[in-house]
Amino acid sequence: MLKHDYMQVSQDQPISSDAPLQLLLFVDGRPKSKQQVQRIRSYLKELEADYDFELQIVDVGQQPYLAEHFKLVATPALIKVHPEPREILAGSNITGQLKAWWPRWQAAMDAYLQLESDLHEHDENGRVKELKSSIRSVAVSAELMRLSDEVFRLKQEKEKLQEQIQFKDRVIAMLAHDLRNPLTAASIAIDTLQSNYNIEKGEFERLTPKMTVHLFKQARSQTKIIDRMITDLLRVGHGKDREFFIQPQKVDIGKLCLEVLEELRDRYTAKSHKVNKDIPKDLPNVYADPERIRQVLINLLDNAIKYTPEGGDISVCGLHRTSQKIQFSISDTGPGIPEDNRDRIFENHYRLERDQGKEGYGIGLCLCQRIVLAHYGQIWVETAPHGGAWFHFTLPVYPN
């Protein structure tokens with residue numbers, strides 16, 4: 001009696017069969033594929049076959065490794081996996097091809113069963129013992145391919161995690177070293193203020209008003225440097241693949257830049273830098289997150305101060321490029337960025353070979369890029385007219 005087993009293959013259901021004729025039908029989610037499946041199944045129901053057979057339907061979206069195992073390039077496809085030799089029917093007229101091939105498959109089944117009968121003992125009911133299942137072996141092969149890919153993926157994740165752990169260890173060591181300077185400076189300023197403060201009189205002794213203001217300013221600026229170090233590390237630690245949250249609003253970027261320059265005044269005056277400002281009074285407001293853009297300006301100006309030698313020049317320029325964007329540029333007279341490294345300078349943790357001995361973590365420019373990209377802007381670097389680094393970034397203009 002003819003037996004039809006139409007089984008929908010799933011990830012939780014292993015593929016196995018003991019039927020002498022075993023067929024796999026590979027389909028996808030397209031409506032045309034579903035129509036062909038119905039035609040093929042209807043045709044098989046009408047066949048007057050003398051042997052049991054099994055048809056299993058495989059969704060290539062759920063079981064891509066089976067499709068890879070058979071090296072399929074198109075669906076739907078009907079494959080005779082048992083008995084050997086394997087044969088594949090594909091195209092838009094699988095039913096027509098099946099009509100032509102079915103007699104040959106019946107002959108193959110006859111030859112297979114006769115061979116099994118000659119080579120193996122039969123049980124009391126005359127059924128062949130230990131009938132080999134080709135579909136089962138195919139499933140095992142496909143599962144091995146999947147597991148091999150999974151092992152490779154896990155190895156890559158392991159290497160990535162090891163790199164992150166090693167970086168974290170280096171950062172902790174560098175952070176402990178780099179925090180000493182601002183901590184020491186802030187501590188000295190606070191201790192000096194404390195030792196010269198007369199509680200009974202409520203005033204500072206042996207300190208001029210100018211010196212008192214300077215010490216308070218020094219303590220405040222050093223604690224801001226410490227806070228910026230920790231904030232940058234924590235923000236970059238979120239990873240570039242996560243969403244970078246911003247709260248855009250109307251921002252006067254010219255005013256914001258002047259505030260940042262004032263905040264960093266002690267640093268660039270200590271190195272006798274000349275700061276040239278070319279920020280037009282009619283520069284339009286931008287649509288941006290003020291705290292994020294403040295970070296970009298601080299990082300770029302901090303780098304300019306760090307790499308510009310004593311007595312060098314730093315330039316800050318604002319430009320109304322189009323009705324949609326403004327461009328901000330910061331240049332210095334330092335060593336500049338080699339052309340071969342300009343594409344990589346914004347990568348996370350990347351540092352130029354010459355900078356390995358300098359303080360920092362190689363994350364400032366990466367953070368700048370993430371912030372600018374989150375505002376749908378661009379950031380890049382060129383060689384300044386006097387040979388230093390020349391950083392540019394664009395931001396959207398606040399709509400009128």
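**Figure 1. Helix 9 passes helix 10 in a left-handed crossing.** This close-up, like the others here, comes from a predicted model. The two helices, helix 9 (residues 290–307) and helix 10 (residues 364–374), pack at an angle of about 145°, and their axes lie 9 Å apart. From helix 9, the residues to look for are Arg292, Ile293, Gln295, Val296, Asn299, Leu300 and Asn303. Facing them from helix 10 are Gly364, Leu365, Leu367, Cys368, Ile371 and Val372. Sorted by class, this contact has eight nonpolar residues, four polar ones and one charged one.

**Figure 2. Helix 7 packs against helix 9 at an angle of about 50°.** Here helix 7 covers residues 253–263, and its axis is 10 Å from that of helix 9. The angle of about 50° falls outside the ranges for roughly parallel, roughly perpendicular and roughly antiparallel, so helix 7 is oblique to helix 9. The crossing of helix 7 with helix 9 is right-handed. On the helix 7 side you will find Ile253, Leu256, Cys257, Glu259, Val260, Leu261 and Glu263. Their partners in helix 9 are Pro290, Ile293, Arg294, Leu297, Ile298 and Leu301. The make-up of this contact is 10 nonpolar and three charged residues, with no polar ones. If Ile293 looks familiar, that is a good eye: Ile293 also takes part in the contact of helix 9 with helix 10.

**Figure 3. Val316 sits buried in strand 11.** The strand runs over residues 313–319. Why does Val316 count as buried? Its relative accessible area is 1%, and the cut-off for buried is under 20%. Beyond its neighbours within four places in sequence, Val316 is in contact with Cys257, Leu261, Asn276, Lys277, Asp278, Ile279, Leu301, Phe328, Ser329 and Ile330. Three of these names may ring a bell from the previous view: Cys257 and Leu261 belong to helix 7, and Leu301 belongs to helix 9. For a sense of scale, the C-alpha atoms of Val316 and Leu297 are separated by 10.0 Å, with the two residues 19 residues apart along the chain.

**Figure 4. A salt bridge joins Arg267 to Asp302.** Side chains of opposite charge can pair when their charged atoms come close. In this pair, the closest N and O atoms are 2.1 Å apart. The partners come from distant parts of the chain, 35 residues apart: Arg267 lies in helix 8 (residues 265–270), while Asp302 lies in helix 9. How does their exposure compare, buried or partly exposed? Arg267 is partly exposed, with a relative accessible area of 28%, whereas Asp302 is buried, at 14%.

**Figure 5. Lys201, Glu205 and Arg206 are linked in a network of salt bridges.** Glu205 pairs with Lys201, their closest N and O atoms being 3.8 Å apart. Glu205 also meets Arg206 in a salt bridge, with an N to O distance of 3.9 Å. Which members of the trio are exposed, and which partly exposed? Lys201 is exposed at 55% relative accessibility, and Arg206 is exposed with a relative accessible area of 65%. Glu205 has 25% relative accessibility and so counts as partly exposed. How many salt bridges does the structure hold? There are seven in total, among them the Lys201–Glu205 pair, the Arg206–Glu205 pair and the Arg267–Asp302 pair from the previous view.

How values were computed:
Residues are numbered from 1 along each chain as its sequence is written. This is a predicted model: local features need pLDDT of at least 70, side-chain atom pairs count only at pLDDT 80 or more; totals for chains, interfaces and linings use all residues. Side-chain values use heavy atoms; hydrogens and water are left out. A salt bridge is a side-chain nitrogen of Lys or Arg within 4 Å of a carboxyl oxygen of Asp or Glu. Buried means under 20% relative accessible area, exposed over 50%, partly exposed in between (1.4 Å probe, protein chains only). Helices (H or I, at least four residues) and strands (E, at least two) are DSSP runs, numbered from the N terminus. Contact means heavy atoms within 4.5 Å. Axes are lines fitted to C-alpha atoms, for helices over the stretch in contact, and angles run from 0 to 180 degrees between N-to-C directions. Angles under 35 degrees count as roughly parallel, over 145 as roughly antiparallel, 65 to 115 as roughly perpendicular and the rest as oblique. A crossing is left-handed if the near helix is turned anticlockwise from the far one by less than a right angle, and right-handed if clockwise. Ala, Val, Leu, Ile, Met, Phe, Trp, Tyr, Cys and Pro count as nonpolar, Asp, Glu, Lys and Arg as charged, and the others, Gly among them, as polar.
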